Amino acid sequence: LPATTAYAELEICDKSGGCNLTHVDSSSPTKLCVRSQDLPDSWWAPLVQMRLRVVLGAASETSSGWLRVKVPAKFSADVTRAPRGICALDILPSFLCRDCGPGSKCAASIRQPWGVGDQVRDIYLPAGEGSCAYIKSLPEGVHRARAQWEQTVDWTVPLAVILGYILITHYASLRSYVPLHAFLGGSLAIIFVLCFVAVWFGQRMRKGIPGIPFSGVLSSMAMLTVSFSALAGQAFSHWFPSLSWMTGKAILEFRDPVWNLPIGWIGFIVAILVVVGAVSGGAHVSMRYFESPPEPEGDVPFEIGPDGRRIDLVPALPWPQWFLGGALWTGGLLLLINSSHVDLFNVSIIIFAVGINNTLHSIRQLGRRVQAVRPDYYRTLLSPEDYAAEGARRTNAALAALREHLQRHPGDMNRVDEKSELRIRRFSTGGNHFQEPLEQLDRGSSGWGCVIL
């Protein structure tokens, strides 16, 4: 809507109650920046964003022929804000990180809050001194407005933190979670059906209605008018809540003029069956695609690792689940990077989420070491000298008992091979039970040697 900049006034107020009056001019927009006294405390800053609440003086009414529509008042504004998250590193292309610095302003996203009246508009910006709004014009018929910065809690921050934390710490179990596979398949099936219907409807609109001249051109012009005309778009959005129920009811009650068939209800039931079938088919295909290999039955082959632990040779994880796990982990990381309005808080949450498992393991190990007791708490331990002496005494006693057994039962010496029989007979008559091998003779520096056989 064109602005009446000749006498449009904006009253800028602060939280102390003081207000300043200024004129709104599109050639020199009114600048409203977040000041240090408007910012929240540091401990509260990650959950808080700044809201510029603009209260317009009066609504405007626009008349178009026989139709008189009360159009919601809108105004024009730009914003600037400091880059956050990955965008602050300036490593991503411009279409992923939009530059809204002081040198390149961005169009403001103006919202109408619920339950506070039709004349209230809000602009949300991060809580920082680099956040500014530039009011370029007020709506036609509005001569005065009031603007004030306010602190508001952004409830998407805890949701993003919780969801990102779950994706990073539990991606390994989520990638093999069958209900998640079914949900992904059903969602993609619904998106495919909606895209197919949109393409089909667009083709039908371009072709037009048979028997009506220039129907395709007229329908396309009507769609463009509703899409790009502010008055027509706002009028349609204003009619829609009141007409949606009547239109839906009329469509459901539509009947064939020849056979008197309930075409509306038949189409509605067919649409429900198509959606249910698409969701069911998409979920089934997705579960088959991300299916885990069957559990091994019977004896499981294994190998011994270098540290002595057993390693079962089970089927490897399917590569679709690997990609799904990587996508979940990356999505959680992106959520945490842009979760709050303070980059330091986001980095701290990421470090905590990535290292929480290792940290908890180290804490558990430390607790076990602290709670563990020394072996001498339960009994008196032997010294190394006493241990060696006790071992030698018991070994000699066992050898004496074995020698005595062989002397009483000489036939048992025939149960071994010839080499062992000779050694065991010598042992039974008083020989040593173990003969150390002779040391290899020194061959000298020449490398030659002689062995006497």
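Which residue in E12 stands opposite Glu 11? To find out, start with the strands. Keep in mind that this is a predicted model.

Strand E1 covers residues 9–13. Strand E12 covers residues 144–153. The two run parallel, and 5 bridges join them. Now look across from Glu 11: the residue opposite, in E12, is Arg 146.

Next, widen the view. E1 and E12 belong to an open sheet of 6 strands. Read across it, and the order is E2-E1-E12-E4-E10-E9. The pairing in this sheet is mixed. At the edges are strand E2 (19–23) and strand E9 (110–111). Each of these edge strands pairs on one side only.

There is also an open sheet of 4 strands. Its order is E3-E11-E7-E8. Here the pairing is antiparallel. Why do strand E3 (30–33) and strand E8 (106–107) each have one side without a neighbour in the sheet? They stand at the edges with a single partner strand each, so one side is left free of a neighbour.

Take E8 and its partner E7. They pair in the antiparallel sense over 2 bridges. Asp 78 has Ala 107, in E8, as its bridge partner.

Stay with strand E7, which covers residues 76–80. Thr 80 is found in this strand. Is Thr 80 buried or exposed? Its relative accessible area is 2%. Buried means under 20%, so Thr 80 counts as buried. Which residues does Thr 80 touch, leaving aside those up to four places away in sequence? They are Cys 100, Gly 101, Pro 102, Lys 105, Leu 125, Gly 130, Ser 131, Cys 132 and Tyr 134.

Now turn to a helix. H6 runs over residues 263–289. Does its length fit its residue count? Check it with simple arithmetic. H6 has 27 residues, and at 1.5 Å a residue it should span 39 Å. The C-alpha atoms at its ends are 38 Å apart, which agrees.

Some residues of H6 are hidden. Gly 264, Gly 282, Ala 283 and Ser 286 are buried. Val 274, also in H6, has a relative accessible area of 42%. That makes Val 274 partly exposed.

Val 274 also helps to make a nonpolar surface patch of about 800 Å². Its partners in the patch are Phe 254, Val 258, Trp 259, Leu 261, Ile 263, Ile 266 and Val 270. One general rule is handy when you look along a helix. An α-helix has 3.6 residues a turn, so residues three or four places apart point the same way.

Note on methods: Residues numbered from 1 in each chain as written. Predicted model: local features only at pLDDT ≥ 70, side-chain atom pairs only at ≥ 80, totals over all residues. Heavy atoms only, no water. Patch = residues over 30% accessible without salt bridge, like charges linked within 9 Å, V, L, I, M, F, W, Y side chains within 5 Å. Areas by Shrake-Rupley, 256 points an atom, 1.4 Å probe, with all protein chains shown as cover. Salt bridge = Lys/Arg side-chain N within 4 Å of Asp/Glu carboxyl O. Buried < 20%, exposed > 50% of the residue type's maximum accessible area, 1.4 Å probe, protein only. Expected span 1.5 Å × (residues − 1). Pairing = 2+ DSSP bridges. Contact = heavy atoms within 4.5 Å.
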